[in-house]
Amino acid sequence: MALTQPTIPPPSHSQNPCNQTSIFEFLLWGLSERPEQQRFLFLLFLWMYVVTVVGNLLIVLAIGTDARLHTPMYFFLASLSCADILFTSTTVPKALVNIQTQSRSISYTGCLVQLYFFLTFGDMDIFLLATMAYDRYVAICHPLHYKMVMSCRRCTFLVTACWILTSLVAMTHTFLIFRLSFCSKKIIPDFFCDLGPLMKVSCSDTQVNELVLLFLGGAVILIPFVLILVSYIYIVSAILRVPSAQGRRKAFSTCGSHLAVVALFFGTVIRAYLCPSSSSSNSIEEDTAAAVMYTVVTPLLNPFIYSLRNKDMKCALVRFLRGKVFFSWGQ
């Protein structure tokens with residue numbers, strides 16, 4: 001009697017042999033494939049990470065301990081520095097461990113956790129930069145209403161809203177990645193777990209993920225960017241109407257540091273997320289370089305940009321380092 005092969009239904013998400021989420025791991029492409037560069041990259045990124053954490057922490061402490069800097073602008077700057085510390089800490093320590101141990105592996109769970117926090121703190125940077133632009137707009141274009149508009153309650157609400165929005169966006173993207181199937185030992189073409197590289201190595205349909213990344217991710221990047229540009233169009237036009245040359249210089253100096261950070265951060269983020277790339281080796285290296293710019297270089301430069309271009313910030317840092325702390329209740 002001839003045996004007929006039973007019809008096997010298509011595997012569900014839990015049956016997919018490619019999706020052994022509890023046991024498999026990914027392999028990260030890393031920062032470079034050349035073995036002779038690993039020691040140099042380890043020392044370089046270790047130095048950048050330490051300087052980033054120390055520099056941003058100094059800004060937070062200087063602002064927190066000097067009552068003269070307890071203003072909305074410096075409150076948002078301290079929040080940005082905290083976000084930068086957390087943002088860099090989601091990717092660089094793991095990259096350093098992988099270089100030191102000569103291992104590229106990251107577990108499935110670890111990858112999703114890293115993705116969630118990376119998106120949360122990265123989007124927090126974007127929203128905070130937009131909030132800081134709004135703060136400068138109110139301060140320069142509506143100075144008489146500034147204290148009323150940017151009250152302590154309003155500033156706290158804005159930062160809290162930024163955290164809630166970033167968490168919701170990160171959860172949405174992470175959940176959609178969780179739905180995908182992956183094969184073990186897949187090489188993620190980056191030095192950390194990000195949306196684009198993870199979708200490239202998935203062995204299931206990523207059309208929904210790509211659409212959500214295009215529309216939701218595009219909105220998260222472009223809407224704040226447009227709001228920043230509009231704010232600075234009004235700011236520049238208001239500054240040009242200031243009769244005093246000294247007043248114009250002070251206003252441009254206050255806004256110049258913020259604009260420099262915005263240009264560096266958004267330029268590399270737009271390149272990484274909104275410009276398509278192929279899977280060739282050269283393209284992977286270009287994407288990795290862009291990722292390094294906004295995940296490592298921008299948080300590294302922020303303390304220098306804000307402190308060197310801001311007289312009040314420089315004075316506060318000097319006072320803090322000399323131990324001359326001014327608390328609000330001590331004045």
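The following conversation concerns the fold, the enclosed spaces and one surface patch of a predicted model.

Reader: What kind of model is this, and how are residues numbered?
Author: This is a predicted model, in which local features need pLDDT of at least 70 and side-chain atom pairs count only at pLDDT 80 or more, while totals for chains, interfaces and linings use all residues. Residues are numbered from 1 along each chain as its sequence is written, and side-chain values use heavy atoms, with hydrogens and water left out.

Reader: How many helices and strands are there?
Author: The protein has 11 helices and three strands; these are DSSP runs numbered from the N terminus, with helices being H or I of at least four residues and strands E of at least two. Along the sequence the pattern reads β-α-α-α-β-α-α-α-β-α-α-α-α-α.

Reader: What percentage of the residues is buried?
Author: Of the 331 residues, 46% are buried. Buried means under 20% relative accessible area, exposed over 50%, and partly exposed in between (1.4 Å probe, protein chains only).

Reader: Turning to empty space, how many cavities are there?
Author: The whole structure contains three cavities of 30 Å³ or more. On a 1 Å grid over the protein atoms alone, a cavity is a set of points where a 1.4 Å probe fits but cannot get out, whereas a pocket is an open set with protein on both sides within 12 Å along at least five of seven lines; lining residues have an atom within 4 Å of a point. Grid points are joined across faces, edges and corners, and a volume is the space filled by probe spheres set on the points.

Reader: What lines the largest cavity?
Author: The largest cavity holds about 180 Å³ of space. Its lining has 17 residues, and the closest to the centre are Leu119, Asp123, Ile126, Ile221 and Tyr273. Helix H4 (108–141), helix H6 (152–178), H8 and H9 each give two or more residues to this lining, with the largest share, five residues, coming from H4.

Reader: And how does that lining divide by residue type?
Author: There are 13 nonpolar residues, three polar and one charged. Ala, Val, Leu, Ile, Met, Phe, Trp, Tyr, Cys and Pro count as nonpolar, Asp, Glu, Lys and Arg as charged, and the others, Gly among them, as polar.

Reader: What is the volume of the largest pocket, and which residues are closest to its centre?
Author: The largest pocket has about 510 Å³ of space. Among its 20 lining residues, Gly196, Lys200, Leu213, Ala272 and Tyr273 are the closest to the centre. The lining of the largest pocket comprises 13 nonpolar, two polar and five charged residues.
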